[in-house]
Amino acid sequence: MAVDVTIIGAGLGGLMLARVLRVHGIPATVYEAEPSPAARSQGGMLDIHDYNGQLALKSAGLMDEFGGLVLEGRQAMRLLDPDGTVLFDKADDGTGGRPEVLRGELRQMLLDSLPPGTVRWGHKAVRVRSLGGGRHEVVFADGGTVVTGLLVGADGAWSRVRPLLSAATPRYTGKSVVETYLFDAGTRHPATARAVGGGAMIVHTPDRDIFAHREKDDTLHAYVGLTEPEDWFAAIDFTDAAAATARIAREFDGWAPELTALITDSDTAPVLRRLYALPAGHRWDRVPGVTLIGDAAHLAAPNGEGANLAMLDGAELGEALAAYPDDTEAALSAYERAMFPRSAEAATMEGGGADDPTPHDLIAAFSRPEESPQDATRS
């Protein structure tokens, strides 16, 4: 390629883009705000789908490495009532198309696939401006700058690159989750471990829910969901772990103790994660020399598709740039034409299409054969 490729953000999408470009012999530089790969926890389990995330891994030539990360049995799924009654229980028979891996291990696999120095750690982008002619300048928190002929915003929900293309900003979805962990669950919390089962467990009511997953080393990782305005959460002092835990647990009075133990018995302080989304169907007009991937482009409420879409965005953008080595704008146009409708479709896929799915909706969704968004739109 005649232009240099600058990627802002070393998440799954940005790293996938750098890797696919590497496969095609195209160099790229990734700038990341975090000071090192181990600066913070990378989150929990991800189910990597055969119709998007795995396609990206194939483009990256990393399917064998990915196979070594898969945690067997974790595609099992359970749906429970708040009283602990099992409504639905689907075992992992090894035929599902959504194997589970740890996000941190997947990210490290992508990092290991890149030449040393590809990622520049400790580079927090604070300002981006157009220089005209498709070139852009990125200013970092330390005062350093870089000028590039192709700028890719892979920098998540609060992207510094997005304003070059769109005035859209994320809006609060009306729901937040509180993240907890139980370690050595089979020994220390056997009733809760039995309730969660071997994979994922969901307990859903209209404004309260718990999603838990069995990770490595007998760890249970839970997301406790509450539909409340931001001010409601602001009134809770999350720096006081005991008080915050008690306040959240109070909202689940009457639920089975093996379920509320995911809140009250957490081995870590509760972490509040507010959920935001960009407008549905977010898109922009073509602007020379810049585009977005992943949450920077199509942040949505969690629905099981975000990480998969970010990786597919990165892979398809990389393939487009390789296919049009002398015409960057043609590559960006081709990528965006495919990405816009794909992300809009994915935002409606989970939960049977219901805005607030009932247990019946969820059971129906989990019972039907796995399908891609494209299959669903034809059904």
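**Why is it called that? Reading a predicted model**

Mentor: Let's start with Asp184, which is located in the loop between E12 and helix H5 (185-188). Keep in mind that this model is predicted.

Trainee: Why is Asp184 called partly exposed?

Mentor: Its relative accessible area is 42%. Buried means under 20% and exposed means over 50%, so a value of 42% falls in between and Asp184 is partly exposed. The phi of Asp184 is also positive, near 50 degrees, in a residue other than glycine.

Trainee: Asp217 also has a positive phi, about 55 degrees, without being a glycine. What makes Asp217 count as exposed?

Mentor: Its relative accessibility is 66%. The cut-off for exposed is over 50%, so Asp217 counts as exposed. You will find Asp217 in the loop between strand E14 (208-214) and strand E15 (220-227).

Trainee: Now the sheet. What is the order of its strands?

Mentor: The seven strands run E5-E4-E13-E14-E15-E12-E16, in an open sheet with mixed pairing.

Trainee: What makes E5 and E16 edge strands?

Mentor: Strand E5 (86-90) and strand E16 (271-277) each pair on one side only. On average, neighbouring strands in this sheet are turned by 20 degrees against each other, direction ignored.

Trainee: How do you know that E12 and E16 are paired?

Mentor: Count the bridges. Pairing needs at least two bridges, and six join E12 (residues 171-182) to E16, so these antiparallel strands pair. One example is Tyr172, whose bridge partner in E16 is Tyr276.

Trainee: Which strands does E4 pair with, and in what sense?

Mentor: E4 and E5 pair in the antiparallel sense over four bridges, whereas E4 and strand E13 (residues 200-204) pair in the parallel sense, over four bridges. Leu80 has Val86 of E5 as its bridge partner, and Met77 stands opposite Ala200 in E13. E4 and E5 form a hairpin with five residues between them, and Gly84 in the turn has a positive phi of about 95 degrees.

Trainee: Which way do the side chains of E4 point?

Mentor: Met77 and Leu79 point one way, Arg78 and Leu80 the other way, and all are buried. In a regular strand, side chains alternate between the two faces of the sheet.

Trainee: On to the helices. Why are H11 and H12 called roughly antiparallel?

Mentor: Helix H11 (residues 306-323) and helix H12 (residues 328-346) have axes that cross at roughly 155 degrees and come within 8 Å. Angles over 145 degrees count as roughly antiparallel, so H11 and H12 earn that name. H11 passes H12 in a right-handed crossing. Among the residues that make the contact are Leu309, Leu312 and Leu317 of H11, and Ala331, Leu332 and Tyr335 of H12.

Trainee: And which residues in the largest nonpolar core touch the most other members?

Mentor: In this core of 59 residues, they are Ile7, Met16 and Leu106. Helix H1 (residues 12-23) contributes the largest share, seven residues. Leaving out residues up to four places away in sequence, Ile7 touches partners including Leu17, Val30, Tyr31 and Val152. Another core lies apart from this one, with 29 residues, among them Leu226, Ala249, Phe252 and Ala256.

Trainee: Why might nonpolar residues gather like that?

Mentor: In soluble globular proteins, nonpolar side chains tend to be buried together.

Conventions: Residues are numbered from 1 along each chain as its sequence is written. This is a predicted model: local features need pLDDT of at least 70, side-chain atom pairs count only at pLDDT 80 or more; totals for chains, interfaces and linings use all residues. Side-chain values use heavy atoms; hydrogens and water are left out. Helices (H or I, at least four residues) and strands (E, at least two) are DSSP runs, numbered from the N terminus. Axes are lines fitted to C-alpha atoms, for helices over the stretch in contact, and angles run from 0 to 180 degrees between N-to-C directions. A nonpolar core is a set of buried Ala, Val, Leu, Ile, Met, Phe, Trp, Tyr and Cys residues joined through side-chain atoms within 4.5 Å. Buried means under 20% relative accessible area, exposed over 50%, partly exposed in between (1.4 Å probe, protein chains only). Contact means heavy atoms within 4.5 Å. Angles under 35 degrees count as roughly parallel, over 145 as roughly antiparallel, 65 to 115 as roughly perpendicular and the rest as oblique. A crossing is left-handed if the near helix is turned anticlockwise from the far one by less than a right angle, and right-handed if clockwise.
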